[in-house]
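Hi everyone, thanks for coming. I'd like to walk you through a structure today, so please have a look at it while I talk.

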Amino acid sequence: MLILGGTTEARRLAEALTAEHAAPGYRVTTSLAGRVASPVLPPGETRVGGFGGPAGLAAWITTHRVTHLVDATHPFAERMSFNAAGAAALSSVPLLALRRPGWIPGPGDDWHTAASLAEAAALLPGLGSRVFLTTGRMGLHSFAHLTEPWFLVRSVDAPEAPAPPRLEVLLARGPFTLDDERDLLARHRIDLLVTKDSGGSATAPKLTAAREAGIPVLIVRRPPVPEGHSRAASVAEALHWLGHDPPRSTERPLDRR
Ligand code: NAP
């Protein structure tokens, strides 16, 4: 089995499939893009770096006799999800997209949506001047031309230029607690949170902290993903698709396509 990783869900799936009680028979390899200098490696085998597009991935699948492909990349890793769909079609291997659901605003939330990082940058000056920017270091160039607002940028590795001039960098890896997020917003007098709609619980406390503090949130909507294959919204659903532990009755059934 090949898991396209880079997310908590990918790691959890590899953990579940290589656990002592897991049904034997699977050889699990997780693939990482290599963007993070010291990634938290999952159990099982790992490989790092691009495959060279859909054809390269399909060749890897054939050479390594992969029988199941799981796209557990981040919801914003748009290109890799399309590569996975293309490679699955080329190699006739079943593909499951494991993608955590997006966040949904609740009462008291002041959310503003943008279709892209560029649109978020265009909307930003009208919404705040002390900005907590959590969209990742790779997209920081989209905000580089904004010379007026002050930015607190949180990322796992240090961002590189181009970046906005009024910037403080906080190197940190989630999960983050609600207390820590409350403290961060207050200490830096943040008046706007900018985030991608990554979903999941590890980084959700910042949204609660923003709501409590009456701070608006500028949220970047997810890019399109390929259609026409199986999808799972949780690790339990992915295990079910793979013929392992069935999901508990409280979880949504698998959307098989
Ligand atoms: P992307 O734009 O969709 O992918 C760009 C290229 O990177 C792909 O064409 C592929 O190269 C390579 N690649 C991506 N994921 C890979 C993987 N798991 N294994 C091997 N190669 C991979 O992806 P991205 O947005 O740069 O994200 C890169 C990685 O970081 C992903 O694995 C993703 O899960 C993780 N991540 C992304 C975000 C985000 O906000 N984008 C956030 C957290 C984690 P080839 O075409 O040469 O195969």
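I'll go through some helices, then the rings, the ligand and one loop residue.

Before anything else, keep in mind that this is a predicted model.

Okay, helices. Let's begin with helix H1, residues 8-18. Which of its residues are buried? They are Glu-9, Ala-10, Leu-13, Ala-14 and Leu-17. These residues span an arc of only 135 degrees around the axis, so they sit on the same side of H1. If you wonder about the spacing, an α-helix has 3.6 residues a turn, so residues three or four places apart point the same way. And what covers the buried residues of H1? The cover includes four strands, S1 (2-4), S2 (29-32), S4 (69-71) and S5 (95-98), along with helix H7 (235-241).

Now scroll along to helix H5, residues 178-187, where Glu-181, Leu-184 and Leu-185 are buried. Their arc around the axis is only 95 degrees, which means they share the same side of H5. Flip to the other side of H5 and you find Asp-179, Ala-186 and Arg-187, which are exposed. Strands S7 (130-133), S8 (150-155) and S9 (167-171), plus helix H6, are among the elements that cover the buried residues of H5. Right after H5 comes Arg-189, with a positive phi of about 50 degrees.

One more helix: H2, residues 53-63. Its buried residues are Gly-56, Leu-57, Ala-58, Trp-60 and Ile-61. They pack against strands S1, S2, S3 (45-48) and S4, and against helix H3 (78-91). Here too there's a positive phi of about 50 degrees just after the helix, this time at Arg-65.

Hold on to Trp-60, because it takes us to the rings: its relative accessibility is 17%, so it counts as buried. There are two aromatic pairs in the structure. In one of them, the ring centres of Phe-51 and Trp-60 are 5.9 Å apart with the planes at 80 degrees, so we call that pair edge-to-face. Phe-51 is buried too, at 14% relative accessible area. And what lies over the face of Phe-51? That would be Arg-47, 3.8 Å from the ring centre. You can find another charge over a ring at Phe-176, where the charged end of Arg-154 is 3.5 Å from the centre.

Phe-51 turns up again at the ligand. There are 21 residues around the ligand, and the ones that come nearest are Ser-31, Phe-51, Gly-52, Met-80 and Lys-196. Zoom in on Ser-31: an N or O atom in its side chain is 2.7 Å from a nitrogen atom of the ligand. With Met-80, a backbone N or O atom is 2.8 Å from an oxygen atom of the ligand. Glu-78 also offers a backbone N or O atom, 3.4 Å from a ligand oxygen atom.

Last stop, Ser-198. Where is it? Ser-198 is in the loop between strand S10 (192-196) and helix H6 (205-213). Is Ser-198 buried or exposed? We use a cut-off of under 20% for buried, and Ser-198 has 11% relative accessibility, so it counts as buried. Leaving out residues up to four places away in sequence, Ser-198 touches His-74, Pro-75, Phe-76, Arg-100, Trp-103 and Arg-222. That's my tour, so feel free to spin the model around and ask away.

Terms used
Residues are numbered from 1 along each chain as its sequence is written. This is a predicted model: local features need pLDDT of at least 70, side-chain atom pairs count only at pLDDT 80 or more; totals for chains, interfaces and linings use all residues. Side-chain values use heavy atoms; hydrogens and water are left out. Buried means under 20% relative accessible area, exposed over 50%, partly exposed in between (1.4 Å probe, protein chains only). Helices (H or I, at least four residues) and strands (E, at least two) are DSSP runs, numbered from the N terminus. The arc is that of the directions from the helix axis to the C-beta atoms. Contact means heavy atoms within 4.5 Å. Rings of Phe, Tyr and Trp (its six-membered ring) pair if their centres lie within 6.5 Å; planes under 30 degrees apart count as stacked, over 60 as edge-to-face and the rest as tilted. A charge sits over a ring if NZ of Lys or CZ of Arg is within 6 Å of the ring centre and within 35 degrees of the ring normal. A residue is near a molecule or strand if one of its heavy atoms lies within 4 Å of it. A polar contact is a pair of N or O atoms within 3.5 Å; within protein, one must be able to donate a hydrogen and the other to accept it, and residues adjacent in sequence count only if both atoms are side-chain atoms.
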